[in-house]
Amino acid sequence: MKRSRVNEIMEQADEFIRSFGFLLPPFAYWSPEQFKVNQAKARGIIDARLGWDITDFGQQKFDELGLFLFTVRNGNQADLATGRGMLYAEKIMISRQDQVTPMHRHHLKAEDIINRGGGTLTLELFMPDAEGNIDRKADVHVPTDGVARTMPAGSKLRLEPGESVTLLPGVWHAFWGEGADVLIGEVSTVNDDLTDNVFAEPIGRFAAIEEDEPPTHLLVADYGIWLKD
């Protein structure tokens, strides 16, 4: 993706998020220079990989295959072993109309996916088999707002604004917006986008950025490049 396109998406996303009364934290609006000046006291942001995340999954077709994410808070993977500490994470996301987030699952993360407003959020769901692969025969079992649901493999679960689904580790899911762009909330156990995503197809998690103009704000994937000690 070109950096100019990333900057444009950030501006559009901020406006869309604000239209639903959700405000991003102050560090969201730091310039790269401000981030560099503040990086010593912002290790909690950098180490937890909080912030802007815009991906085309390395496929160079964001409008058809892509997702906007902003990680608002995130705990520490090491705390999961002890069961004490900050064991949770929160994201705000935007799934554009007919823009697919491809089929994937997580090793460790359990997550509530919440339609916070806009169009219909549609999820295609499969259970994992014994090896963790997609089971195209097993019924899907998921709770939606605490109500148990059983559906045939590959069913389309449609969530209207205010509705949510809980996805336990291993459940395969793809999703997209129907009718309009969708604002999505995600509440989960600790999030690790570097190692905890398993895709059904061989694609990347992050976008390759072409630097055609300076960044307005840094992406999470920029931290290791722009914020060297």
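**Spaces, cores and a few unusual residues**

Me: In this predicted model, the lining of the largest cavity has 6 nonpolar, 5 polar and 6 charged residues. What makes the space they line a cavity?

Reply: A cavity is a space where a 1.4 Å probe fits but cannot get out. A search of the whole structure finds 2 cavities of 30 Å³ or more, and about 140 Å³ of space lies in the largest cavity. Its lining counts 17 residues, with Leu 67, Leu 69, His 104, His 106 and Asn 197 closest to the centre. Two or more lining residues come from each of β2, β3 (88–95), β4 (101–106), β11 (172–189) and β12 (197–199).

Me: Nice. Which residues line the second largest cavity, and how do they divide by class?

Reply: They are Phe 27, Ala 28, Trp 30, Phe 35, Trp 52, His 217, Leu 218 and Tyr 223. The classes come to 7 nonpolar, 1 polar and no charged residues. Tyr and Trp count as nonpolar here, whereas His falls among the polar residues, so His 217 is the polar one in this lining. The volume is about 30 Å³.

Me: Why is the space of about 220 Å³ called a pocket and not a cavity?

Reply: The word depends on the way out: a pocket is an open set of points, while the probe cannot get out of a cavity. The space of about 220 Å³ is the largest pocket. Its lining has 15 residues, and Asp 47, Ala 48, Arg 49, Asn 74 and Asn 191 lie nearest the centre. Both α3 (43–48) and β2 (67–74) supply at least two residues of that lining, which divides into 5 nonpolar, 5 polar and 5 charged residues.

Me: Let's turn to helix α1. How do you know how its length compares with the expected span?

Reply: Set the two values side by side. Helix α1 covers residues 3–18, 16 residues in total, and spans 23 Å from first C-alpha to last, close to the 22 Å expected at 1.5 Å a residue.

Me: Which residues of α1 are buried, and what do they pack against?

Reply: The buried set is Arg 3, Val 6, Asn 7, Ile 9, Met 10, Ala 13, Asp 14, Phe 16 and Ile 17. An α-helix has 3.6 residues a turn, so residues three or four places apart point the same way. The buried residues of α1 pack against β1 (51–55), β2, β3, β11 and α5 (223–226).

Me: Glu 8 also lies in α1. Why is Glu 8 called partly exposed?

Reply: Its relative accessibility is 38%. Buried means under 20% and exposed means over 50%, so at 38% Glu 8 counts as partly exposed.

Me: What makes a group of residues a nonpolar core, and which members of the largest one touch the most others?

Reply: A core is made of buried nonpolar residues joined through side-chain atoms within 4.5 Å. The largest has 32 residues, and those touching the most other members are Phe 35, Ile 45, Trp 52, Ile 54, Phe 68, Phe 70 and Tyr 223. At least two residues come from each of α1, α3, β1, β2 and β3, and α1 gives the most to this core, with 6 residues. Beyond four places in sequence, Phe 35 is in contact with Trp 30, Ile 45, Ile 46, Leu 218, Tyr 223 and Leu 227. Another core of 22 residues lies apart from the largest, and includes Leu 65, Leu 123, Met 151 and Val 182.

Me: What makes the phi of Phe 57 worth a look?

Reply: Most residues other than glycine have a negative phi. Phe 57 has a positive phi, near 55°, and is not a glycine. Phe 57 sits in the loop between β1 and β2 and is buried, because its relative accessible area of 3% is under 20%.

Me: And where does Asp 145 lie, and is it buried or partly exposed?

Reply: Asp 145 is in the loop between β7 (140–144) and β8 (147–151). Its phi is also positive, about 50°. With 47% relative accessibility, Asp 145 counts as partly exposed.

Me: Last one: why does Pro 25 count as buried?

Reply: Its relative accessibility is 19%, and the cut-off for buried is under 20%, so Pro 25 qualifies. Pro 25 is in the loop between α1 and α2 (32–38). Its C-alpha is 7.4 Å from that of Val 72, with the two positions 47 residues apart along the chain taken as their separation.

Notes
Residues are numbered from 1 along each chain as its sequence is written. This is a predicted model: local features need pLDDT of at least 70, side-chain atom pairs count only at pLDDT 80 or more; totals for chains, interfaces and linings use all residues. Side-chain values use heavy atoms; hydrogens and water are left out. On a 1 Å grid over the protein atoms alone, a cavity is a set of points where a 1.4 Å probe fits but cannot get out, and a pocket is an open set with protein on both sides within 12 Å along at least five of seven lines; lining residues have an atom within 4 Å of a point. Grid points are joined across faces, edges and corners, and a volume is the space filled by probe spheres set on the points. Helices (H or I, at least four residues) and strands (E, at least two) are DSSP runs, numbered from the N terminus. The expected span of a helix is 1.5 Å times one less than its number of residues. Buried means under 20% relative accessible area, exposed over 50%, partly exposed in between (1.4 Å probe, protein chains only). Contact means heavy atoms within 4.5 Å.
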